[in-house]
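Open the model in your viewer and keep the selection panel at hand. The stops below go one by one.

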Amino acid sequence: MSKRNDNILTNFISASILSADLLNLESEVKKLERSGVDMLHFDVMDGVFVNNITFGIPVLDQISKIASSCMKLDVHLMITEPIKYIDEFYKAGADIITFHLESESDVMETIQAIKRTECHVGISIKPNTPAEAVFPYIEYADMILVMTVEPGFGGQKFMDMSEKIRKIREYADTNGHEELLIQVDGGIDDKTAVTVKTAGANVLVSGSYLFKAENMAEAVEKLKEDI
């Protein structure tokens with residue numbers, strides 16, 4: 001069965017490969033698999049929308065060839081005009097494509113472009129964007145990504161977005177979208193994980209915490225622990 005046809009699970013961990021050893025990416029991906037990571041978080045930055053440049057379609061294509069079908073490829077587009085690249089990232093293996101509400105692409109057109117592929121729709125908001133800004137689009141999304149750092153660089157200090165997460169979870173549940181995934185990205189470790197899960201998040205992106213852990217599998221388990 002194609003991994004795109006699998007049901008997306010809740011309460012799982014997405015490892016940010018921005019923190020991986022890129023010279024040994026295949027072995028890093030295999031280590032993540034053995035450690036029980038559910039998704040690979042693939043940060044795409046264009047140097048315009050955020051002040052950094054990372055990797056793009058060719059790297060994702062190679063990762064899709066070595067990643068287990070059990071691991072979702074979670075593509076986070078921190079780029080100015082994401083709508084231009086939806087089809088290419090889909091063809092390269094993306095399972096989830098998340099774009100920023102603050103980008104220059106029309107929100108509904110971008111959602112529709114993702115839906116025309118087999119990918120799940122994610123919408124991300126920066127720390128200064130209020131929860132209410134995403135409410136009109138929740139019915140069309142599979143996942144809302146709440147940034148807990150300013151997008152652009154890994155290893156930043158966690159910003160507590162608990163109130164924003166609570167508002168999104170409450171709105172989704174009240175309006176019949178209980179299945180909505182709420183992802184958080186930035187400064188996630190075993191302590192901040194408790195904070196965001198208590199607020200209603202159920203998909204945790206973690207980079208430095210996982211890759212610097214002496215025992216990655218134990219670190220994953222700590223992030224998955226019930227609250």
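Select Asp61. At 25% relative accessibility, Asp61 counts as partly exposed. Now add Lys65. The two side chains meet in a salt bridge, 3.4 Å from N to O. Both residues lie in helix H2 (residues 57-66), 4 residues apart, about one turn of the helix. Lys65 is exposed, with 59% relative accessibility. This is a predicted model, and its salt bridges come to 8.

**Two further pairs**

Select Glu81 and Lys84. They form a salt bridge, with the closest N and O atoms 3.1 Å apart. Glu81 is partly exposed at 34% relative accessible area. Lys84 is exposed at 56%.

Next, pick Glu88 and Lys91. Both are in helix H3 (residues 86-91), 3 residues apart, about one turn of the helix. Their side chains meet in a salt bridge of 3.9 Å, N to O. Glu88 is partly exposed, with a relative accessible area of 36%. Lys91 counts as exposed at 61%. Side chains of opposite charge can pair when their charged atoms come close.

**A loop threonine**

Go to Thr129, in the loop between E5 and E6. Is Thr129 buried or exposed? Its relative accessible area is 15%, so Thr129 is buried; the cut-off for buried is under 20%. Show its side chain together with that of Glu102: the two make a polar contact of 2.6 Å. Leaving aside residues up to four places away in sequence, Thr129 touches Leu101, Glu102 and Lys164.

**Helix H5**

Lys164 leads into the next stop: it is one of the buried residues of H5. Select residues 162-174. These 13 residues should span 18 Å at 1.5 Å a residue, and the end C-alpha atoms are 18 Å apart, which agrees.

Colour Ser162, Lys164, Ile165, Ile168, Arg169 and Ala172, which are buried. They cover an arc of only 165 degrees around the axis, so they sit on the same side of H5. Turn to the other side, where Glu170 and Thr174 are exposed.

What do the buried residues of H5 pack against? Show strands E5 (120-125), E6 (143-147) and E7 (181-185), plus helix H6 (190-199): these are the partners. After H5 comes Gly176, with a positive phi near 80 degrees.

**Confidence check**

Finally, colour by pLDDT. The chain averages 93, and 94% of the residues score at least 70. Over residues 1-9 the pLDDT is below 50, yet this stretch has 24 contacts in the model beyond near neighbours in sequence.

Conventions
Residues numbered from 1 in each chain as written. Heavy atoms only, no water. pLDDT = per-residue confidence, 0-100. Contact = heavy atoms within 4.5 Å. Helix = DSSP H or I, 4+ residues; strand = E, 2+ residues; numbered from the N terminus. Expected span 1.5 Å × (residues − 1). Buried < 20%, exposed > 50% of the residue type's maximum accessible area, 1.4 Å probe, protein only. Arc of directions from axis to C-beta. Polar contact = N/O pair within 3.5 Å; in protein donor to acceptor, adjacent residues only side chain to side chain. Salt bridge = Lys/Arg side-chain N within 4 Å of Asp/Glu carboxyl O.
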